[in-house]
Amino acid sequence: METSTIYDCNILVLNKISNEYSSITVVESNHNIPFTLERVYYTYDVPGGENRGGHAHKDLYQLIVAASGSFDVLLDDGINRKIVTLNRPNYGLLVVPGLWRELSEFSSGSICLVMTSLKYDAADYIRDYNEFIEWKSLKK
């Protein structure tokens, strides 16, 4: 079985409809995102200097959007790492299963919107980095 890498993640540009009053972006399951949307949550009021995430998912896909403000997403496949800065509400980072992720550098008032392919399941999480590295080595 092939293991996922940071190069499997990419930015999806979501359609932005604007007029002189406002803008709207619509996300639809299996239409402009490559999975069935099962869960949506958002993180906000993150104190300066704090990180969020710090885990991996075995099977879950995510689309992460900076609905307001900006933040960085560190992606780690056990070999390679990259940081993606999100700061536009119509740009989403597609994160595939099998990657470690950490969110940091939250701007004041930022909102991190996350859409997922699965409902919450604690068994899907790997919360210890060393366990993640071991799990990845077994997937090769």
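**Salt bridges and a nonpolar patch**

Visitor: Lys119: buried or exposed?
Guide: Exposed, at 55% relative accessibility. Keep in mind that this is a predicted model.

Visitor: What does Lys119 form a salt bridge with?
Guide: Glu38. The closest N and O atoms are 2.9 Å apart.

Visitor: Where do those two residues lie?
Guide: Both are in loops. Lys119 lies between strand E11 (111–116) and strand E12 (125–126), and Glu38 lies between strand E3 (23–25) and strand E4 (39–44), so the pair ties together parts that are 81 residues apart in sequence.

Visitor: And how accessible is Glu38?
Guide: Partly exposed, with a relative accessible area of 37%.

Visitor: How many salt bridges in the whole structure?
Guide: The search finds 2. One of them is Lys119 with Glu38. Arg81 forms another with Asp76, where the closest N and O atoms are 2.8 Å apart.

Visitor: Is Asp76 buried or exposed?
Guide: Buried, at 1% relative accessibility. The cut-off for buried is under 20%, so Asp76 qualifies.

Visitor: What about Arg81?
Guide: Arg81 counts as exposed, at 52%. That bridge therefore pairs an exposed Arg81 with a buried Asp76.

Visitor: Why would such side chains pair at all?
Guide: Opposite charges can pair when the charged atoms come close.

Visitor: New topic. Which residues make the nonpolar surface patch?
Guide: Ile17, Ile24 and Val26. The patch covers about 250 Å².

Visitor: Where is Ile17, then?
Guide: In strand E2, residues 16–18. Ile17 is partly exposed, with a relative accessible area of 46%.

Definitions and conventions:
Residues numbered from 1 in each chain as written. Predicted model: local features only at pLDDT ≥ 70, side-chain atom pairs only at ≥ 80, totals over all residues. Heavy atoms only, no water. Salt bridge = Lys/Arg side-chain N within 4 Å of Asp/Glu carboxyl O. Helix = DSSP H or I, 4+ residues; strand = E, 2+ residues; numbered from the N terminus. Buried < 20%, exposed > 50% of the residue type's maximum accessible area, 1.4 Å probe, protein only. Patch = residues over 30% accessible without salt bridge, like charges linked within 9 Å, V, L, I, M, F, W, Y side chains within 5 Å. Areas by Shrake-Rupley, 256 points an atom, 1.4 Å probe, with all protein chains shown as cover.
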